[in-house]
Amino acid sequence: MASPAAGGRLRLGSPVAALVLGGLVLVLAAAAVPLARLAHQSLNASTASAPVWVSVPFAVVGFVVAWRKPGNPLGWIILGGAAFLALSEDASYYAVADYRLHHGGLPLGWLALLAQPGWAPAIVLLGLTNLLFPDGRPPSPRWRWVLWVYAGIGLVWITWTMVITVGAIISHRTQVDPGGNLLLLSGTDPAAGWWNAVQGLFFPLLGLCWLASLAGQVASWRRSSGVRRQQLKWLLAGSAAAGIGFGIATMLGTAAIGVACFLAGLVAFSLCVGVAVLRYRLFDIDRVISRTLAYAIVTGLLIGVYAGIVLLATEVLGSHHSTVAVAAATLAAAALFNPLRRRVQTMVDRRFNRARYDADRIVAGFAARLQDAVDLDAVRADLASSVQQALEPAHLSVWIRAGGRQ
């Protein structure tokens, strides 16, 4: 039977469809550059959507998953979410250029207003990744009701967003804010007070469904083993990164560092989902988690030591000796780095990377015994036992060549 690519036919679930949809996202991402210039804004301008350097990584992950596993809906969901994000970003720039700078003088401005709420289906689609991870089905049949509730809420939200946008175009109430959002949807127009109240319920309900699905995945992780358990570890690691980024953004508000952390968390989440679905280097997740935690803890401790020494020295010696205090703090932080890193890494490995911690302990014990060993047969048996405990190979053999004799 000829493949869809060979027959020239395009259907969802085929590599050709993944190629077309991925190419569309790249075109939309490239169009953001001239559109941002047209709107006199930067690519990092605050709009309702995400900048291209977030939608493109999502698109890459979605394309790879859809290409390698076309039967898995997750790749298409991520790729579709990235397409809506890129479309919404482009439409935001064009809406600003048309309705704020040229006062409606550009062509097809109404089309930009219709496309700009693409952030709504993007949020709904990307939220499905937790509900359908890792094979396109809920964690268990009992969670199907969560999927239907989530889909229903998302459909109502998207529908009413489009209804309000079409009504604004017909009634010529096409005022937009500096981010390209229709005022009737951005919450700044008193005439849409009812919409603001309803939208205030949508986000908590969607978030509640997302948290419920994540709780289901945690419960599934506790019951799972093998590859499935490693896949869920990647999902939970990505969700933790996204949650931490959201928490930092919430505390810092619209500050650049907060927005950057939130968007970085989204990118990390997409990469973790892609790795888990493709089952690529799954068993490195424990090492990734332990290294990330260790360096985060070490960085926090060293920053605390550095700030404490500078503050103490400045208070004691006065502001005239601030340069000396900074130099002393830098030297102290540099001297503490390696000892602190080794100690923290050992503590973290003991909890989050037990296999490596046990392997290191077994190898260290073998090295200590080897110093006093004199019997070659005993050394060979000890070596085989240590390797078996540390690596658990399916087959093990030891070959020793002594003095040129077999």
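This passage walks through the nonpolar cores, the aromatic pairs and a few individual residues of a predicted model.

The largest nonpolar core is a good place to start. This core counts 42 residues, and the members that touch the most others are Leu128, Leu131, Leu132, Phe133, Tyr150, Trp157 and Val273. Seven helices are listed as giving at least two residues each: α3 (52-68), α4 (73-101), α6 (119-132), α7 (144-170), α9 (193-223), α10 (226-252) and α11 (256-278). Helix α6 makes the largest contribution, with eight residues. Besides this core there is a second, separate one, made up of 14 residues, with Ala91, Ala97, Leu106 and Ala115 among them.

Tyr150 gives a closer look at how the main core is put together, being one of the residues that touch the most other members. Setting aside neighbours within four places in sequence, the contacts of Tyr150 are Ile123, Val124, Gly127, Leu128, Leu131, Leu206 and Cys209. Two of the residues on that list, Leu128 and Leu131, also turn up among the core members with the most contacts to other members.

On to the aromatic rings. The whole structure yields two aromatic pairs. One of them joins Phe63 and Trp67, whose ring centres sit 5.7 Å apart with 40 degrees between the planes, a tilted arrangement. Both residues belong to helix α3 and are four residues apart, or about one turn of the helix. Neither ring is fully tucked away: Phe63 is partly exposed at 24% relative accessible area, and Trp67 is partly exposed too, at 40%.

Trp119 and Trp157 make up a pair that is tilted as well, with 5.6 Å from centre to centre and 55 degrees between the planes. Here the partners come from separate helices, Trp119 from α6 and Trp157 from α7, so the pair ties together parts that lie 38 residues apart in sequence. Both tryptophans are buried: Trp119 has a relative accessible area of 10%, while the value for Trp157 is 0%. Trp157 is also one of the residues of the largest core that touch the most other members.

Trp119 comes up again in connection with Ala50. Ala50 sits in the loop between α2 (15-38) and α3, yet its relative accessibility is just 9%, under the 20% cut-off, so Ala50 counts as buried. Its C-alpha atom is 8.4 Å from that of Trp119, although the two residues are 69 positions apart along the chain. Once residues up to four places away in sequence are left out, Ala50 touches Leu85, Glu89 and Leu263.

Leu183 makes a handy contrast to that loop residue. Leu183 is part of helix α8, which covers residues 183-186. With 22% relative accessibility, Leu183 is partly exposed. Ten residues separate Leu183 from Arg173 along the chain, and their C-alpha atoms are 8.6 Å apart.

Finally, the cysteines. The search of the whole structure turns up zero disulfides. Cys261 is partly exposed, with 21% relative accessible area, whereas Cys272 is buried at 12%. The 20% cut-off falls between these two values, so the two cysteines end up in separate classes.

Methods:
Residues numbered from 1 in each chain as written. Predicted model: local features only at pLDDT ≥ 70, side-chain atom pairs only at ≥ 80, totals over all residues. Heavy atoms only, no water. Disulfide = S-S within 2.5 Å. Buried < 20%, exposed > 50% of the residue type's maximum accessible area, 1.4 Å probe, protein only. Core = buried A, V, L, I, M, F, W, Y, C linked by side-chain atoms within 4.5 Å. Contact = heavy atoms within 4.5 Å. Phe/Tyr/Trp six-rings, centres within 6.5 Å; stacked < 30°, edge-to-face > 60°.
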